[in-house]
Amino acid sequence: MQIDHEDSDSKGRYVTRIDDGPEAELTYSKLGAKAIIIDHTGVPDAYRGKGVGLALVTRAVEDARAAGQKITPLCPFAAAQFRRHPEWADVLA
């Protein structure tokens, strides 16, 4: 699954599509250079149960780890994934 990353000065998002279908996305806001807030994860019904949401959060975690950033998961889905993945504690704000 290819996940694209779009980034601006204050916000960003990760987005993917399966077989030219609708977009699934994770959006975030930046808190300076060292922290982000995941505020939304949207996965179309057609992708439910295929691990798309988890893949988006995983990519955000990997990128935050590489950049030395911390994540505040305000989105309920992302927060649930952080509870399920204690190995992500190093990037949890």
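**Exercise 1.** Determine whether Trp88 is buried or exposed in this predicted model, and identify its aromatic partner.

*Solution.* Step 1: the relative accessible area of Trp88 is 6%. Step 2: a residue is buried under 20% relative accessible area, so Trp88 is buried. Step 3: a pair of aromatic rings is described by the distance of the centres and the angle of the planes. The structure holds two aromatic pairs, to be taken in turn.

Tyr14 and Tyr28 have ring centres 5.9 Å apart and planes at 40° to each other, a tilted arrangement. Tyr14 belongs to strand E2, whereas Tyr28 belongs to strand E3 (residues 24–30); with these positions 14 residues apart, the pair links distant parts of the chain. Both tyrosines, Tyr14 and Tyr28, are buried.

The partner of Trp88 is Phe82, with 5.3 Å centre to centre and 70° between the planes. Planes over 60 degrees apart count as edge-to-face, and the pair of Phe82 and Trp88 is therefore classed as edge-to-face. Step 4: Phe82 has a relative accessible area of 8% and is buried as well.

**Exercise 2.** Describe how helix H1 and helix H2 pack, and state which residues meet.

*Solution.* Step 1: two packed helices are described by the angle between their axes and the distance between the axes. For H1 (residues 52–67) and H2 (residues 76–84), the angle is about 75° and the axes lie 10 Å apart. Step 2: angles from 65 to 115 degrees count as roughly perpendicular, so H1 is roughly perpendicular to H2. Step 3: on the H1 side the contact involves Gly53, Leu54, Val57 and Val61, and on the H2 side Phe77, Ala78, Gln81 and Phe82. Step 4: sorted by class, this contact of H1 with H2 comprises six nonpolar and two polar residues, with no charged ones.

**Exercise 3.** Characterise the surroundings of Ala78.

*Solution.* Step 1: Ala78 is part of helix H2. Step 2: its relative accessibility is 0%, and Ala78 therefore counts as buried. Step 3: leaving aside residues up to four places away in sequence, Ala78 touches Ile38, Thr41, Val57 and Pro73. Step 4: one of these, Thr41, is 37 residues away from Ala78 along the chain, yet the two C-alpha atoms are separated by 7.2 Å.

**Exercise 4.** Establish how strand E1 and strand E2 are paired and connected.

*Solution.* Step 1: E1 covers residues 4–7 and E2 covers residues 11–16. Step 2: four bridges join the two strands, which run antiparallel. Step 3: the connection between E1 and E2 is a hairpin of three residues. Step 4: His5 stands opposite Tyr14 of E2. Tyr14 is also the residue that forms the tilted aromatic pair with Tyr28.

**Exercise 5.** Examine the phi angles of Asp19 and Asp20, and state whether these residues are buried or exposed.

*Solution.* Step 1: most residues other than glycine have a negative phi. Step 2: Asp19, which is not a glycine, has a positive phi near 50°. Asp20, likewise not a glycine, has a positive phi of about 60°. Step 3: Asp19 is found in the loop between E2 and E3, and Asp20 is placed in the loop between E2 and E3 too. Step 4: exposed means over 50% relative accessible area. Asp19, at 75% relative accessibility, therefore counts as exposed, and Asp20, at 76%, counts as exposed.

Note on methods:
Residues numbered from 1 in each chain as written. Predicted model: local features only at pLDDT ≥ 70, side-chain atom pairs only at ≥ 80, totals over all residues. Heavy atoms only, no water. Pairing = 2+ DSSP bridges. Axes fitted to C-alpha atoms, helices over the stretch in contact; angles between N-to-C directions. Parallel < 35°, antiparallel > 145°, perpendicular 65-115°, else oblique. Contact = heavy atoms within 4.5 Å. Nonpolar A, V, L, I, M, F, W, Y, C, P; charged D, E, K, R; others polar. Phe/Tyr/Trp six-rings, centres within 6.5 Å; stacked < 30°, edge-to-face > 60°. Buried < 20%, exposed > 50% of the residue type's maximum accessible area, 1.4 Å probe, protein only.
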